[in-house]
Protein chains: 2
Amino acid sequence: MISHNSCRKCEIREQALCSALKGHDANKLHQISYRQQLTKGKVILQGHKEPKWLAVIVSGVVKLVCTKCDGRQQIVGLQFPGDFVGRPFGNLGSLRVEAVTDVSLCCFSRQPFEEILRAYPDLEHSLLHRIYDELEVARQWIFTLGCLPARAKVATFLQLFVERVHKSTGIKNAKFSVDRQYDLPLSRTEIAEFLGMTIETVSREIGYLKSESVIETIGLRGLRVQDFDRLKALAECEET
Amino acid sequence: MISHNSCRKCEIREQALCSALKGHDANKLHQISYRQQLTKGKVILQGHKEPKWLAVIVSGVVKLVCTKCDGRQQIVGLQFPGDFVGRPFGNLGSLRVEAVTDVSLCCFSRQPFEEILRAYPDLEHSLLHRIYDELEVARQWIFTLGCLPARAKVATFLQLFVERVHKSTGIKNAKFSVDRQYDLPLSRTEIAEFLGMTIETVSREIGYLKSESVIETIGLRGLRVQDFDRLKALAECEET
DNA sequence: CGCTACATTGAGTTACCTCAAAAATTGTGG
DNA sequence: CCACAATTTTTGAGGTAACTCAATGTAGCG
């Protein structure tokens with residue numbers, strides 16, 4: 001489903017890349033943008049192919065996946081509303097970008113977008129900032145995967161997910177509820193693929209967190225954090 | 001030790017960021033640059049502090065380290081000659097940058113460098129490319145750490161190290177020898193810190209590779225790859 | 001040549017994995 | 001609205017890869 005875009009009432013205008021263009025110039029991106037809705041599970045971009053478009057996530061969550069020949073998968077990144085998807089002036093390497101939930105994207109046709117990037121250094125400057133931030137996040141995960149035991153991995157995942165959601169709560173229309181109750185977009189399988197462990201271990205560790213009243217689950221996807229400080233302490237390996 | 005710089009005969013001119021400035025403009029960076037030699041183990045940049053300068057690695061190898069409160073460390077990235085170190089318009093977060101070997105850096109004072117970046121969009125554009133590449137490498141490591149067993153991790157490390165060295169062999173003065181013999185810059189401890197495993201396991205896996213005649217070690221740091229295809233196969237988990 | 005730092009090897013333990021079964025949640029058709 | 005099927009998650013028992021601790025071996029340096 002494709003529809004036209006109106007930046008004025010855009011839910012994520014403030015946090016997205018596009019906000020780097022001010023006043024008169026703001027129109028430039030608007031002219032080449034269009035909205036696209038994709039359902040859960042749809043592949044958004046496939047690495048190695050030159051993509052036709054790049055996009056800003058308006059709503060929903062997206063995962064970056066590496067697939068091994070034997071079928072095992074590793075999620076190497078998650079992206080949330082306001083994040084930029086795709087690599088201008090290149091492709092995504094061996095990555096696949098996939099919708100974790102239903103997503104709404106604000107898409108920009110590739111070539112005109114690249115031209116605008118070159119024409120407006122402020123825009124490219126802003127993109128540089130974002131990519132540096134993503135790099136920092138990626139390195140944070142390297143640390144988590146390399147150093148932490150299963151319990152701390154799960155706690156770290158939940159902690160960072162919750163913090164990331166709060167960052168997005170300024171966003172109108174955000175699906176994330178308040179008062180420490182959240183809608184976990186990832187299945188246990190996906191959490192396992194992200195943390196480099198098995199679904200059983202993820203389940204056991206979540207079970208432990210529940211038994212200790214650190215968190216509470218509501219149905220399969222509902223999550224309430226009862227003791228955020230404790231969660232953080234577990235993420236730092238400060239208790240067992 | 002600090003000395004002045006002469007871009008003309010720079011060993012890494014072609015592969016480094018500075019090559020983005022052509023002709024007349026090339027001088028701009030030269031004017032604010034100076035060489036610096038640092039010995040093995042020296043801390044180059046400390047995260048969270050606003051750095052006084054940014055740099056291009058001229059020779060040597062550098063590691064990016066996350067330190068956990070309990071003293072355990074994780075190496076989250078390695079950088080080689082031609083790579084850019086530091087984050088302009090920001091700081092490195094919780095990272096520490098440290099010399100793995102003796103290193104020679106071409107440093108740029110922070111503020112003037114940032115001004116030049118803003119003044120020459122081509123330069124910033126080139127930096128954007130590099131950071132995207134680093135992000136891709138970081139995600140590759142997330143995959144390696146999350147998905148692969150110890151043997152494949154070690155094989156992957158050796159493979160990528162060797163490939164990365166070959167990428168630098170165009171560089172004059174490069175310390176890396178030809179005919180598949182290399183000088184491993186990292187100690188076993190550092191390899192373990194990079195791969196998220198113990199020094200004993202690293203040692204055992206390297207022992208296995210030796211026993212299978214995939215590699216050969218010469219002294220503590222010398223490495224010769226006897227069967228690169230086999231190494232790659234092991235990195236892909238295609239045999240045990 | 002001896003000292004120190006680093007690397008290897010060995011034995012026993014453990015955290016996480018694998019395989020298998022039970023339970024819970026969600027979706028669907030009567 | 002309820003019962004049933006499909007899917008996902010949880011729980012259990014047993015195995016194994018990688019860890020820990022300890023001892024031995026080897027490079028490199030003064």
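Colleague: Before we start, what counts as a polar contact here?

Modeller: A polar contact is a pair of N or O atoms within 3.5 Å. Please keep in mind that this is a predicted model.

Colleague: Then how far is the polar side-chain atom of Arg188(B) from a phosphate oxygen of DNA strand C?

Modeller: The distance is 2.7 Å. Chain A reaches phosphate oxygens of DNA strand C too: a side-chain N or O atom of Thr198(A) is 3.1 Å from one, and a polar backbone atom of Leu220(A) is 3.5 Å from one.

Colleague: Which elements give two or more residues to the surface near that strand?

Modeller: They are helix H6 (199–211) of chain A, and helix H5 (188–195) and H6 of chain B. The largest share comes from H6(B), with 4 residues.

Colleague: Which residues come nearest to DNA strand C?

Modeller: Of the 18 residues around the strand, the nearest are Ala150(A), Glu200(A), Thr201(A), Arg188(B) and Ser203(B). On the DNA side, sugar and phosphate make up 69% of the strand C atoms that come within 4 Å of the protein.

Colleague: How do the residues of that surface divide into nonpolar, polar and charged?

Modeller: There are 5 nonpolar, 7 polar and 6 charged residues.

Colleague: Changing topic, what rotation superposes chain A on chain B?

Modeller: A rotation of 180 degrees, with 0.0 Å of shift along its axis, superposes them with an RMSD of 0.0 Å. This is the relation of a two-fold axis. The same surface serves both copies, as 100% of the contact residues of chain A recur in chain B.

Colleague: And where is Gly207(B) found?

Modeller: Gly207(B) belongs to helix H6 of chain B, residues 199–211. Its relative accessible area is 29%, so Gly207(B) is partly exposed.

Notes: Residues numbered from 1 in each chain as written. Chains lettered and ligands numbered in written order. Predicted model: local features only at pLDDT ≥ 70, side-chain atom pairs only at ≥ 80, totals over all residues. Heavy atoms only, no water. Least-squares fit on C-alpha atoms with pLDDT ≥ 70 in both. Contact = heavy atoms within 4.5 Å. Buried < 20%, exposed > 50% of the residue type's maximum accessible area, 1.4 Å probe, protein only. Near = heavy atom within 4 Å. Polar contact = N/O pair within 3.5 Å; in protein donor to acceptor, adjacent residues only side chain to side chain. Nonpolar A, V, L, I, M, F, W, Y, C, P; charged D, E, K, R; others polar.
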